[in-house]
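Here are my notes on the model, as numbered points. Please read them with the coordinates open.

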Amino acid sequence: MTDKAAPLDRQFGDVRVPVLVVTAGLPGSGKSTIAEIVAGRLGATAISVDPIEAAILKAGIDADQPTGLAAYLVAERMAEQVLVSGHSVIVDAVNAVEPARLQWRDLAERCGVKLRVIETVCADEALHNERLANRTGLTAGYAVEQSIEDYAEWKGAAATLPRVTLDTSRPLGENVDAALAFLEH
């Protein structure tokens, strides 16, 4: 009997091999832009944690509740459904700490897919601040911004995850090409 949790490519012999791509980086560092473009190029589903958390807060859940954790868990469940259906997914999230980073490793293992992390940084502090100041929409109205002090070093088990770091103060096309080249391996 077929295991219900097995991805479709395993159940039916489909040659597609889905991949889980996860972003990491501070708000305003360019994660969402890179994730959206790369998802489009790959035909992958993009799932962003920020709008999920914004919706939780808009629904009236108090900000002193673990809304960030709830948003990550919702995103994880959504990503799992996409992966099990045989499609690739890109999760757009800060992933500031090791437990969040390892959550995606564990999901990839459960679904039998490879994991790739695209970390974004913006070396131009003025540009980074400008991006933060110009945020709009639902996410901006309910954003819970991460500080640079809360963004942990990549060490421990998370340091072994396949990761590329892109400086988004560089040209967008250059970063997209680097991300796609990284994902091909």
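1. Arg-110 and Glu-80 join their side chains in a salt bridge, at 3.5 Å from N to O. The partners belong to distant parts of the chain: Arg-110 sits in helix H5 and Glu-80 in helix H4, 30 residues apart. Keep in mind that this is a predicted model.

2. Is Glu-80 buried or exposed? Its relative accessibility is 18%, so Glu-80 counts as buried, the limit being under 20%. Arg-110 has 44% relative accessibility and therefore counts as partly exposed.

3. Which other acid does Arg-110 hold? Glu-76 forms a salt bridge with Arg-110, and their closest N and O atoms are 2.9 Å apart. This pair also links distant parts of the chain, with Glu-76 in helix H4, Arg-110 in helix H5 and the two positions 34 residues apart. Glu-76 is buried, at a relative accessible area of 13%.

4. The two bridges belong to a wider arrangement. Glu-76, Arg-77, Glu-80 and Arg-110 are linked in a network of salt bridges. For the model, the count of salt bridges comes to six.

5. Now the helices that carry these pairs. H4 covers residues 67-84 and H5 covers residues 98-111. Their axes come within 10 Å and cross at roughly 25 degrees. Angles under 35 degrees count as roughly parallel, so H4 and H5 are roughly parallel to each other. The crossing of H4 past H5 is right-handed.

6. Which residues make the contact? On the H4 side they are Tyr-72, Leu-73, Ala-75, Glu-76, Ala-79, Glu-80, Leu-83 and Val-84. On the H5 side they are Ala-100, Gln-103, Trp-104, Leu-107, Arg-110 and Cys-111. By type, the contact residues split into 10 nonpolar, one polar and three charged. Glu-76, Glu-80 and Arg-110, the partners in points 1 and 3, are among the residues in this contact.

7. One further salt bridge deserves a look. The side chains of Asp-106 and Arg-105 meet at 2.8 Å, N to O. Asp-106 is partly exposed, with 31% relative accessibility. Arg-105 is also partly exposed, at 26%.

8. To check in the viewer: start from Arg-110, which bridges to Glu-80 and to Glu-76. Then follow the network that takes in Arg-77.

Key
Residues numbered from 1 in each chain as written. Predicted model: local features only at pLDDT ≥ 70, side-chain atom pairs only at ≥ 80, totals over all residues. Heavy atoms only, no water. Axes fitted to C-alpha atoms, helices over the stretch in contact; angles between N-to-C directions. Helix = DSSP H or I, 4+ residues; strand = E, 2+ residues; numbered from the N terminus. Parallel < 35°, antiparallel > 145°, perpendicular 65-115°, else oblique. Left-handed = near helix turned anticlockwise from the far one by under 90°. Contact = heavy atoms within 4.5 Å. Nonpolar A, V, L, I, M, F, W, Y, C, P; charged D, E, K, R; others polar. Salt bridge = Lys/Arg side-chain N within 4 Å of Asp/Glu carboxyl O. Buried < 20%, exposed > 50% of the residue type's maximum accessible area, 1.4 Å probe, protein only.
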